[in-house]
Amino acid sequence: MAAPKVAVVGAGVVGLSTALCILEACPSCSVAVLSEQFSPNTTSDVAAGMLIPHTCPGTPIHVQKQWFKETFTYLFGICNSAEASEAGIHLVSGWQIFKNTPKEESPFWSDVVLGFRPMSEAELQKFPQHRFGQAFTTLKCDCPPYLLWLEKRLKAAGVQMHTRKVSDLWELHREYNIVVNCAGIGAHQLVGDEQLFPIRGQVLKVHAPWVKNFIRDGDGSTYIYPGIHRVTLGGTREKHNWSLSPHPGTTKDIFDRCCSLEPSLQGAQDVKVKVGLRPSRQSVRLNREVLSQGAVKLLVVHNYGHGAGGFSIHRGTAQEAARLVGECIAALQGSSSRAKL
């Protein structure tokens, strides 16, 4: 059969990474990325891009750990290359702090990040309201540069980028053999997934170049993540809230909470407010599906629903999605050879 034509719907970090992994696994494929929005207007552009996993209740821990490890290893390789600056990837050290000691003093990912250890008494003196903490070094993606770096690699490999609103996956069946759904929160409408819901996140991007260490409250509600050019201050976790409009009261609340952990942020300049909708469900949807109308079939791979932890596992889930696309190609080639017989 001719080279399989694959459409990836969605141009956030999951969509672009999935397209790249498909190319790496199946170089003979013709791949196109279709999305209504590209960077800087995606949900991924709002994300802080810190590699600190969020547990997905519906996914086995060993699977989540594997996805995280594959993502960390991949980004660590870029971080140690000449492309680190262009890709916006760097190491950052800091603390995760708790008002009460958590049940698990070492999370499942503690041996993947670098130098994980309990905080010393001296370190904890910086946070008098907190009784326990963990210190470690992890990776951070500055999201817009990373998305543009992924786009550049895809374009260099001949991938077509089309600004296009896809209202129904079936509309693609005449043009493509396989469709990969990486639509994020858009999958709620695109495939009618009632299990998918938004968790609204409002963050501030500020200029505070003296802040070098990350600080994350253990419950994930307040965090300070230094990037290459700006520091991300957060945040909010508002379930089922679809509003993309910033709330001034929330902006003040986030700033006050972050200043309580790092008082020097009072001097932060050029505060920009961003809002994104995290695509959340009990577990990431990562599976194959066959859509059919009469005798006509369309092979679909779904890879969406990463919630707040998309950056931490994006490469691992993209590789799994690419493997599923490989299975679809094998099925197409099987049916093509049977048709010839």
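Okay, let me start with helix α8: its buried residues pack against β3 (89-98), β8, β9 (214-217), β10 (223-226), β11 (231-234) and β13 (269-280). By buried I mean under 20% relative accessible area, with exposed being over 50% and partly exposed in between, using a 1.4 Å probe and protein chains only. Packing and touching here mean contact, heavy atoms within 4.5 Å. Helices (H or I, at least four residues) and strands (E, at least two) are DSSP runs, numbered from the N terminus.

Quick housekeeping. This is a predicted model, where local features need pLDDT of at least 70 and side-chain atom pairs count only at pLDDT 80 or more, while totals for chains, interfaces and linings use all residues. Residues are numbered from 1 along each chain as its sequence is written, and side-chain values use heavy atoms, with hydrogens and water left out.

Back to α8. Which of its residues are buried? They are T250, T251, I254, F255, R257, C258, C259 and L261. As for the helix geometry, α8 covers residues 248-261, and at 1.5 Å a residue those 14 residues should span 20 Å; the end C-alpha atoms are 21 Å apart, which agrees. The expected span there is 1.5 Å times one less than the number of residues.

Two of those α8 names, F255 and C258, come up again in a nonpolar core, so let me do the cores now. A nonpolar core is a set of buried Ala, Val, Leu, Ile, Met, Phe, Trp, Tyr and Cys residues joined through side-chain atoms within 4.5 Å. The largest one has 67 residues, and the members touching the most others are I22, V31, L75, I89 and Y146. Helix α9 (residues 310-340) gives this core its largest share, 10 residues. Apart from that core lies another, of 21 residues, and this is where you find F255 and C258, along with I97 and I215 among others.

Take V31 from the big core. Leaving out residues up to four places away in sequence, V31 touches V6, V8, A19, I22, L23, V159 and Q160.

Now, A19, I22 and L23 sit among the buried residues of helix α1, and the full list is V13, V14, G15, L16, S17, T18, A19, L20, C21, I22 and L23. That's 11 of the 13 residues in α1, so the helix is largely enclosed by the rest of the structure. Its length checks out too: α1 is residues 13-25, it should span 18 Å, and its end C-alpha atoms are 18 Å apart.

Next, a helix pair. How do α3 and α6 pack? Helix α3 (residues 61-79) meets helix α6 (residues 143-156) at about 90 degrees, with the axes 14 Å apart. That makes the two roughly perpendicular. For the cut-offs, under 35 degrees is roughly parallel, over 145 roughly antiparallel, 65 to 115 roughly perpendicular, and the rest oblique. On the α3 side the contact uses Y74, L75 and I78, and on the α6 side Y146, W149 and R153. Those split into 5 nonpolar, no polar and 1 charged. You'll recognise L75 and Y146 from the largest core.

Over to strand β8, residues 197-207, which holds K205. Is K205 buried or exposed? It's buried, with a relative accessible area of 12%. Beyond four places in sequence, K205 touches D45, V46, A47, R230, V231, T232, D270, V271, K272 and K274. P198 lies in β8 too, and at 1% relative accessibility P198 counts as buried. With the same sequence exclusion, P198 touches I185, E238, K239, H240, N241, W242, L277 and R278. P198 and R281 are 83 residues apart in sequence, yet 8.7 Å apart in space, C-alpha to C-alpha.

Last bit: backbone oddities. Most residues other than glycine have a negative phi, and most peptide bonds are trans. H240, one of the P198 contacts, has a positive phi of about 65 degrees. H240 sits in the loop between β12 and α8 and is exposed, at 55%. D270, which K205 touches, has a phi near 55 degrees; D270 is in strand β13 and partly exposed, at 43%.

Then the cis peptide bonds. One joins S39 and P40, with omega about 15 degrees, and P40 is in the loop between β2 (30-35) and α2 (43-46). Another joins G234 and G235, with omega about 0 degrees, and G235 is in the loop between β11 and β12 (238-239).

Terms used
Axes fitted to C-alpha atoms, helices over the stretch in contact; angles between N-to-C directions. Nonpolar A, V, L, I, M, F, W, Y, C, P; charged D, E, K, R; others polar.
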